Amino acid sequence: MDAVDRIIAQWRRERPDLDVGPMALIGRMNRLTQHLSRAMGDTFARFGLSGASFDVLATLRRSGPPYALSPGDLTVAMMITSGTMTNRIDQLERAGLVERRPNPEDGRSVIIALTDKGFTVIDAAVAAHVETQARLTLGLTDGEQAALNGLLARYLAAFEGDLAG
């Protein structure tokens, strides 16, 4: 019996008229998210990054050469507001991890590019991040991971649909 089971048992005792089954599922997902976020945040911190700064650098790194995107493309890729993106870029620029460059396709705009330092930091951070994620999923077999991934993909699609297409 875990903490969620105890909470569900209490609600079933106090409010037997309510179907609290979904509360168990969502409660476990919330608790897992907290554990996973804390462990991944510890990994990011080893590189002087937050989850938000890691996301920007990782988005630039996985975009491929020249490891640069417009602020608008970054905003769309990360599903955040332009104001939030500007703040993140400003912080990363101050840290010397990204730089604003003139857009070669449109001289009126800029692109955000990884600096050499930013490339080095994100390459090391993403390797450590993958190691952390592997450690965090050790409690499940490969088959269980695949099954859970399939279920979660189906559940997420109910909210987001096919955003990839």
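The legends below accompany close-up views of a predicted model.

**View 1. Overall confidence and the annotated domain of the predicted chain.** Averaged over the chain, the pLDDT is 93, and 98% of the residues score at least 70. Among the parts of the chain, confidence is lowest in helix α4, which covers residues 71-78 and has a mean of 89, and highest in α6, where the value is 98. An unreviewed UniProt entry places the feature "domain: HTH marR-type" at residues 22-157. In the model, that span of residues 22-157 is 69% helix and 12% strand, and its end C-alpha atoms lie 18 Å apart.

**View 2. A nonpolar surface patch to which helices α2 and α7 contribute.** The side chains shown are those of L25, I26, L140, L148, L152, Y155 and F159, which together make a nonpolar surface patch of about 640 Å². Helix α2, spanning 21-45, and helix α7, spanning 142-160, each supply at least two residues of this patch, and the largest share, 4 residues, comes from α7. One of the patch residues, Y155, lies in helix α7. Y155 counts as partly exposed because its relative accessibility is 34%, a value that falls between the limits of 20% for buried and 50% for exposed residues.

**View 3. The salt-bridge network that involves D2, D5 and R28.** The structure holds 9 salt bridges, and the view shows a network of salt bridges in which D2, D5 and R28 are linked. Within the network, the side chains of R28 and D2 meet with an N to O distance of 3.0 Å. This pair links distant parts of the chain, since R28 belongs to helix α2 whereas D2 belongs to the segment before α1 (3-14), with their positions 26 residues apart in the numbering. R28 counts as partly exposed because its relative accessibility is 29%, and D2 is likewise classed as partly exposed because its relative accessible area is 32%. As a general point, side chains of opposite charge can pair when their charged atoms come close.

**View 4. A salt bridge between helix α5 and strand β2.** D90 forms a salt bridge with R100, and the closest N and O atoms of the two side chains are 2.7 Å apart. The pair connects distant parts of the chain, with D90 in helix α5 and R100 in strand β2 (residues 98-103), the two being 10 residues apart. With a relative accessibility of 26%, D90 counts as partly exposed, and R100, at 32%, also counts as partly exposed.

**View 5. The salt bridge of R108 and D106.** Here the side chains of R108 and D106 meet in a salt bridge, with a distance of 3.0 Å from N to O. R108 is classed as exposed because its relative accessible area is 78%, whereas D106 is classed as partly exposed because the corresponding value is 23%.

**View 6. T115 in the loop between β3 and α6.** T115 is placed in the loop that lies between strand β3 (106-114) and helix α6 (116-136). At 14% relative accessibility, T115 counts as buried, because the limit for that class is under 20% relative accessible area. When neighbours within four places in sequence are left aside, the residues in contact with T115 are G96, L97, V98 and E99.

**View 7. Backbone geometry in the loop between α3 and β1.** The peptide bond that runs from P65 to P66 is cis, with omega near 10°. P66 is found in the loop between helix α3 (51-62) and strand β1 (68-69), and Y67 also lies in the loop between α3 and β1. Although Y67 is not a glycine, its phi is positive, at about 60°.

**View 8. M79, a non-glycine residue with positive phi.** The phi of M79 is positive, at about 55°, although M79 is not a glycine. M79 has its place in the loop between α4 and α5, the latter covering 82-94. With a relative accessibility of 61%, M79 counts as exposed, because exposed residues are those over 50%.

Methods. Residues numbered from 1 in each chain as written. Predicted model: local features only at pLDDT ≥ 70, side-chain atom pairs only at ≥ 80, totals over all residues. Heavy atoms only, no water. Patch = residues over 30% accessible without salt bridge, like charges linked within 9 Å, V, L, I, M, F, W, Y side chains within 5 Å. Areas by Shrake-Rupley, 256 points an atom, 1.4 Å probe, with all protein chains shown as cover. Salt bridge = Lys/Arg side-chain N within 4 Å of Asp/Glu carboxyl O. Buried < 20%, exposed > 50% of the residue type's maximum accessible area, 1.4 Å probe, protein only. Contact = heavy atoms within 4.5 Å. pLDDT = per-residue confidence, 0-100. UniProt positions renumbered as here; feature names shortened; annotations may be inferred.
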